[in-house]
Structures are given as structure tokens and as C-alpha cells.
Amino acid sequence: MSPEQRAHFKAIIEVQVAELSEEIETIKAAIYPNKGGGTSDKVAHISFKQEQNVHFQRHAEATKRLNRLKQAYLKVDTAEYGVCQECEEAIPLARLELMPESLYCVACMNEMGR
Ligand SMILES: [Zn+2]
């Protein structure tokens with residue numbers, strides 16, 4: 001991978017980290033809405049709890065991805081970046097464009113069942 005390509009992916013990761021951080025803040029705000037409009041309605045309370053669970057899951061997913069992006073950011077200037085950790089083949093650039101935090105090529109990812 002050329003230095004220009006590394007700089008390119010570094011920029012992509014920076015943007016995604018910023019976007020994801022913002023998204024996480026939005027999800028947090030949804031999990032912990034401002035108190036005051038409190039309701040004693042049981043049904044509303046249950047649906048709020050269900051919604052909260054969905055937000056918790058989204059929050060967990062987003063946090064995991066943010067961590068992977070931060071790891072990738074630290075590695076983008078090393079020879080390790082863009083190389084499949086399983087088969088050591090270069091990960092296609094088109095895949096890195098979509099998922100700059102990729103550690104595996106598509107074939108290895110599929111083989112690992114995800
Ligand atoms: Zn591979």
C-alpha cells in the first residue's frame with residue numbers, strides 16, 4: 001500500500017470515528033432521556049424499557065466498532081494494515097473503503113462464520 005493510500009484510509013477512519021462518536025452520543029441521549037416528563041403509565045414504561053434495550057444493543061455495537069476503528073487508526077501506518085490476519089493476503093481496497101477497520105479478507109471472514 002502506498003503512503004498516499006495510507007493517508008487516504010487514515011482520513012476515512014478519522015471521519016468514521018467522528019461520525020460514530022456522534023452517533024454514540026445520540027444513542028446515549030436516547031437511553032437516558034431528560035427526566036421531568038415522567039409517566040406512571042405502566043404500558044408506556046414497558047415500551048420505554050423495550051426501546052431502551054434496543055438502544056443499549058446499538059450502543060454496544062457502535063462502541064465495539066469505534067474501538068476497532070481506533071485500533072485500525074493506530075495501525076494504518078504499519079505494514080500490518082490492510083493485510084488479512086488469517087491468510088496474510090492483501091485485503092481488497094474496495095473492502096477497506098467500506099470497512100477501513102477490516103482485519104480479514106472476505107474469504108477468511110466467511111470461513112470464520114461472519
Ligand atoms: Zn484472508
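This report describes helix packing and a few single residues in a predicted model.

## Helix α1

Helix α1 covers residues 3–31, which is 29 residues. At 1.5 Å a residue it should span 42 Å, and its end C-alpha atoms lie 41 Å apart, so the expected and computed spans agree.

Four residues of this helix, Phe9, Ile12, Ile13 and Ile27, are buried. The buried residues of α1 pack against two other helices, α2 (42–75) and α3 (93–98).

## How α1 and α2 pack

Two packed helices are described by the angle between their axes and the distance between those axes. For α1 and α2 the angle is about 160 degrees, and the axes are 9 Å apart. Angles over 145 degrees count as roughly antiparallel, and α1 and α2 are therefore roughly antiparallel to each other.

The crossing of α1 past α2 is left-handed. Sorted by class, the residues in the contact of α1 with α2 are 13 nonpolar, six polar and six charged.

## Histidine 59 in α2

Histidine 59 belongs to helix α2. It is partly exposed, because 17 other C-beta atoms lie within 10 Å, while a residue needs 20 or more to be buried.

Apart from neighbours within four places in sequence, histidine 59 is in contact with Ile24, Ile27, Lys28 and Ile31. One of these partners, isoleucine 27, is 32 residues away from histidine 59 in sequence, yet the C-alpha atoms of the two are 6.3 Å apart. Ile27 is also one of the buried residues of α1.

## Glutamine 16 in α1

Glutamine 16 sits in helix α1. It has 18 C-beta neighbours inside 10 Å and therefore counts as partly exposed. Once neighbours within four places in sequence are set aside, its contacts are Leu69 and Pro100.

Glutamine 16 and glutamine 57 are separated by 41 residues in sequence, and their C-alpha atoms are 19 Å apart in space.

## Glutamate 88 in the loop

The loop between α2 and α3 holds glutamate 88. This residue has a positive phi of about 65 degrees, although it is not a glycine.

Is glutamate 88 buried or exposed? It has 10 other C-beta atoms within 10 Å, and the cut-off for an exposed residue is 12 or fewer, so glutamate 88 is exposed.

Terms used
Residues numbered from 1 in each chain as written. Predicted model: local features only at pLDDT ≥ 70, side-chain atom pairs only at ≥ 80, totals over all residues. Expected span 1.5 Å × (residues − 1). Contact = placed C-beta atoms within 7 Å. Axes fitted to C-alpha atoms, helices over the stretch in contact; angles between N-to-C directions. Parallel < 35°, antiparallel > 145°, perpendicular 65-115°, else oblique. Left-handed = near helix turned anticlockwise from the far one by under 90°. Nonpolar A, V, L, I, M, F, W, Y, C, P; charged D, E, K, R; others polar.
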